[in-house]
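Biologist: I am new to this model and would like a close look at one part of it. Please start with a single residue on a strand and work outward from there.

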Amino acid sequence: MSETAFKLFDETFREEQGRYQARRIRTRVAEARRSLPSAGPRWPFELLQNALDSGPRVGNSSVGIRLSSEETKVAFEHDGIPFTTSDLTALLSGGSNKDFESEETTGRFGTGFLVTHVLAERTSLSGLLKTPNGYERFDLLLDRGGDEDAILQNMKDCREAIRSANPVSDLDGVESARFEYHTADNNPLTLGIASLRSALPYLYATRQILGRVELRNGVNEREVWTPADVTAQVLQDGHLEERSIIVNRNGTDLPEIRVFRFMTRQQGLASALVLAERTHEGWKVVPLEPNACRVYREYPLSGSGFLPTNFIL
């Protein structure tokens with residue numbers, strides 16, 4: 001093949017690749033926005049997974065999260081390991097076909113991330129990118145509305161926007177990522193935050209690198225979850241891990257809670273989780289809500305609320 005012919009082939013190939021990715025993005029976003037009962041409670045866990053999957057920054061032992069909302073805007077921030085070029089590539093192209101409910105380990109920003117567009121078709125993203133020479137801060141607008149041509153053009157615009165990233169010398173106080181959605185419908189937001197709050201105590205057992213979590217609603221409502229270190233002990237024919245959690249709501253500490261993880265052996269893959277709360281009479285088990293997910297594969301498995309158990313599997 002001549003060089004001229006090969007360049008033409010290569011350009012066509014890349015264009016078709018991009019169009020396929022745009023088509024997949026459009027399809028997945030449309031599915032999410034049509035499926036409020038499933039996508040509404042799920043979007044926080046997609047953002048959380050992407051924050052936790054790569055682990056804490058060097059020098060940190062956990063990943064902190066902040067989720068804030070006000071009227072028609074919601075923002076998710078974390079201080080985990082910054083983006084890599086592979087992360088950005090997956091994010092812009094719609095990622096792989098895996099999500100947090102896959103039986104296989106997922107990478108960051110698989111197609112499951114597209115579920116977050118149940119909040120809005122457009123997402124503003126600012127974050128830190130790791131480069132061979134250090135770190136750079138970038139700003140993107142992910143617009144998954146419109147037809148395939150519009151989505152494809154946005155992918156190209158985002159690639160060009162990455163060229164404008166600026167070096168960052170000091171990471172102290174700088175979040176690794178901030179996703180911001182402007183919502184026209186508060187139902188996905190309400191469903192998602194309720195789902196996350198219900199799951200948080202158990203996530204401190206299943207994703208132990210999860211650290212401080214801050215939930216803000218407007219200016220006046222603020223809730224901060226702070227976990228203690230995990231403690232462990234050997235039981236007869238088993239192993240127990242427990243973790244205390246303090247929840248501060250609008251400046252007032254709520255009663256201490258603890259999540260217990262029972263296993264047949266240390267670092268066992270299977271376990272049972274039970275939540276307890278300190279009361280005036282002592283520690284009492286917190287019963288599961290009637291429709292709460294009862295199976296976690298690190299994150300709550302949707303559709304598992306029918307199981308007749310009083311603990312999390």
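**From one lysine to the core**

Modeller: Lys 73 has a relative accessibility of 24%, so Lys 73 counts as partly exposed. Three words describe accessibility here: buried is under 20% relative accessible area, exposed is over 50%, and partly exposed is in between, with a 1.4 Å probe and protein chains only. The model is predicted, so local features need pLDDT of at least 70 and side-chain atom pairs count only at pLDDT 80 or more, while totals for chains, interfaces and linings use all residues. Residues are numbered from 1 along each chain as its sequence is written, and side-chain values use heavy atoms, with hydrogens and water left out.

Lys 73 sits in strand S2 (residues 73-78). Strands (E, at least two residues) and helices (H or I, at least four) are DSSP runs, numbered from the N terminus. What does Lys 73 touch, residues up to four places away in sequence not counted? Its contacts are Ser 68, Glu 180, Tyr 181, His 182 and Thr 183. Contact means heavy atoms within 4.5 Å. His 182 is 109 residues from Lys 73 in sequence, yet their C-alpha atoms are 4.5 Å apart.

That leads to strand S6 (residues 177-182), which also holds Phe 179. Phe 179 forms an aromatic pair with Phe 113. The ring centres are 5.5 Å apart, the planes meet at 50°, and the pair is tilted. Rings of Phe, Tyr and Trp (its six-membered ring) pair if their centres lie within 6.5 Å; planes under 30 degrees apart are stacked, over 60 edge-to-face, and the rest tilted. Phe 113 is in the loop between helix H3 (85-93) and strand S3 (122-131), so this pair links distant parts of the chain, 66 residues apart. Both Phe 113 and Phe 179 are buried.

How many aromatic pairs does the structure hold? There are 4. Another of them joins Phe 260 and Phe 262, with centres 6.5 Å apart and planes at 20°, so that pair is stacked. Phe 260 is buried at 16% relative accessibility, whereas Phe 262 is partly exposed at 36%.

Now the core. Phe 179 is among the residues with the most contacts inside the largest nonpolar core, as are Trp 43, Phe 83, Leu 200, Leu 203, Leu 210 and Trp 225. That core has 55 residues. Helix H5 (residues 187-206) gives the largest share, 9 residues. A nonpolar core is a set of buried Ala, Val, Leu, Ile, Met, Phe, Trp, Tyr and Cys residues joined through side-chain atoms within 4.5 Å. In soluble globular proteins, nonpolar side chains tend to be buried together. Beyond neighbours within four places in sequence, Trp 225 contacts residues that include Arg 197, Leu 200, Pro 201, Tyr 204, Ile 245 and Ile 257.

Apart from the largest core lies another, of 7 residues, including Ala 22, Leu 114, Ile 151 and Met 155. Ile 151 and Met 155 belong to H4, where Glu 148, Leu 152, Asn 154 and Cys 158 are buried too. These buried residues cover an arc of only 155° around the axis, which puts them on the same side of H4. The arc is that of the directions from the helix axis to the C-beta atoms. H4 (residues 148-162) has 15 residues and should span 21 Å, and its end C-alpha atoms are indeed 21 Å apart. The expected span is 1.5 Å times one less than the number of residues.

Cys 158 deserves one more word: its relative accessibility is 2%, so Cys 158 is buried. Cys 293, at 24%, is partly exposed. A disulfide is a pair of cysteine sulfur atoms within 2.5 Å, and by this rule the count is 0.

Last, the backbone. Most residues other than glycine have a negative phi. Asp 237 is not a glycine, yet its phi is positive, about 60°. Asp 237 lies in the loop between strand S9 (231-235) and strand S10 (238-249) and is exposed, at 69% relative accessibility. Asn 250 also has a positive phi without being a glycine, about 55°. Asn 250 is in the loop between S10 and strand S11 (252-253) and is partly exposed at 44%. Gly 94, just after H3, takes a positive phi of about 95°.
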